[in-house]
Every structure is written in structure tokens, then in C-alpha cells.
Amino acid sequence: MTQTTAPAVAELLQSVVDTARAIFGAQASSVMLLDTAAGELAFEAVSGQGQEFLVGRRFPAGRGIAGWVAASGEPMVVDDLRESASFDRDIAESTGYVPDALMAAPLVRGDRVLGVLEVLDPSPQARSGLPELDLLGLFARQAAVALHVLTTHTPRPAPAPRDAPDAPDGPSRTELLRLLSEARRLLGE
């Protein structure tokens, strides 16, 4: 994760991209967070293609499909990126991985877009219709809520019993566990 990302946030976002990649049988998945002050999207977590070097890379928030999803707050699926006018091939080439297809959903909390979850080259069965795009949108919304909880709720350290090696971190940990349980329920696990 980038130097400014807290360890709990880094762990959450990595879990999100790893899970999204597995759910959709994708070659890669990424979370880009919106830096409104800089007008950029920044890669904060990557799974699969590009994970070794993409975290921390930034690009203008108004470019490409991720930029459109961030600006509109709407999810998008593109089965053939060669035919898409929204796809910014220059950005993709600069990352070293040019996908053929992608699904993207905004990370929305309230009326605010926090970033974009992308799934690159998902299996053809995973991008076959609206139910899959709805599932990605639900998963992105769960991730946004968990991200919001981690970044806005300061854990209140409670005195831990001397024999408890890893005491819970307070309400934010409880809320995160509830959200993960809900995500598992939605995925039918």
C-alpha cells in the first residue's frame, strides 16, 4: 500500500481486490481511491496482473472508464475494450497490462464516491449480464462502507486482559466483521 495508507485500510483493500478477482475469475482486480484535491485516482490495492508495481500510481480522475465510473457513480461492464470509446488505452499501456474486458463499480458512501473497484478480464460467465454487474456493485458498496468505518471511526482502545493476545479493536472491528459476514451471505458461502 502507499505510505499514507493505514495498515488496516491496506489489509481491507487487498482483501477486496483478492476476493473480487476470485469471485469473477478475473486476471486482475484493483481499487483506486479518489483524491479530489489532486483530481486523481490512485491505485491503492491490486491483485493479479500489475500487483508488483501499480500500487501508488496515479492518473487523472477524468480519464478512462474508471474516471467515468468515479464521475458518474454508476457501474460499467465492457466486453470488448477495443470497441470502447471510453477506454483509455494510453493509461492501460502505461500500467503494463492492457485488458480485453472489464467491469467497474464505484465505491460509494452516502452521496460521495470514494473510488472505483475494477475487475479486469473477468471470465466470460462472470460478465454475462446485469446480475453480475449488480453483484459487483453490491460488493463495491460493502467495501465502501467498510472503508468508511475504518477511516472515520477511531478505535477506542479498551484495556485488554493480560492473557488476551489480540483483543478486538472496538466498534470498527465489529462493524467490519459484520460487513464481511454480510458479503459472504450475498456470495452464498
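Arg58 and Glu40 form a salt bridge in which the closest N and O atoms are 2.9 Å apart. This contact joins distant parts of the chain, since Arg58 lies in strand β3 and Glu40 in strand β2, 18 residues apart. The model under discussion is a predicted one.

Arg58 also meets the side chain of Asp35 in a salt bridge, at 3.0 Å from N to O. Here too distant parts of the chain are linked: Asp35 belongs to strand β1 (residues 28-35) and Arg58 to strand β3, with their positions 23 residues apart. Asp35, Glu40 and Arg58 are thus linked in a network of salt bridges. Side chains of opposite charge can pair when their charged atoms come close.

The surroundings of these residues may be described by accessibility. Arg58 has a relative accessibility of 40% and counts as partly exposed. Asp35 is partly exposed, at 24%, and Glu40 is likewise partly exposed, at 24%.

A search of the whole structure yields three salt bridges. One of them pairs Arg82 with Asp80, the closest N and O atoms being 3.1 Å apart. Arg82 counts as exposed at 65% relative accessibility, whereas Asp80 is partly exposed at 27%.

Aromatic contacts complete the account. The structure contains one aromatic pair, formed by Phe43 and Phe59 in a tilted arrangement, with 6.0 Å centre to centre and 50 degrees between the planes. Phe43 sits in strand β2 (residues 40-48) and Phe59 in strand β3 (residues 58-60), so that the pair links distant parts of the chain, 16 residues apart. Both Phe43 and Phe59 are buried.

Technical notes: Residues numbered from 1 in each chain as written. Predicted model: local features only at pLDDT ≥ 70, side-chain atom pairs only at ≥ 80, totals over all residues. Heavy atoms only, no water. Phe/Tyr/Trp six-rings, centres within 6.5 Å; stacked < 30°, edge-to-face > 60°. Helix = DSSP H or I, 4+ residues; strand = E, 2+ residues; numbered from the N terminus. Buried < 20%, exposed > 50% of the residue type's maximum accessible area, 1.4 Å probe, protein only. Salt bridge = Lys/Arg side-chain N within 4 Å of Asp/Glu carboxyl O.
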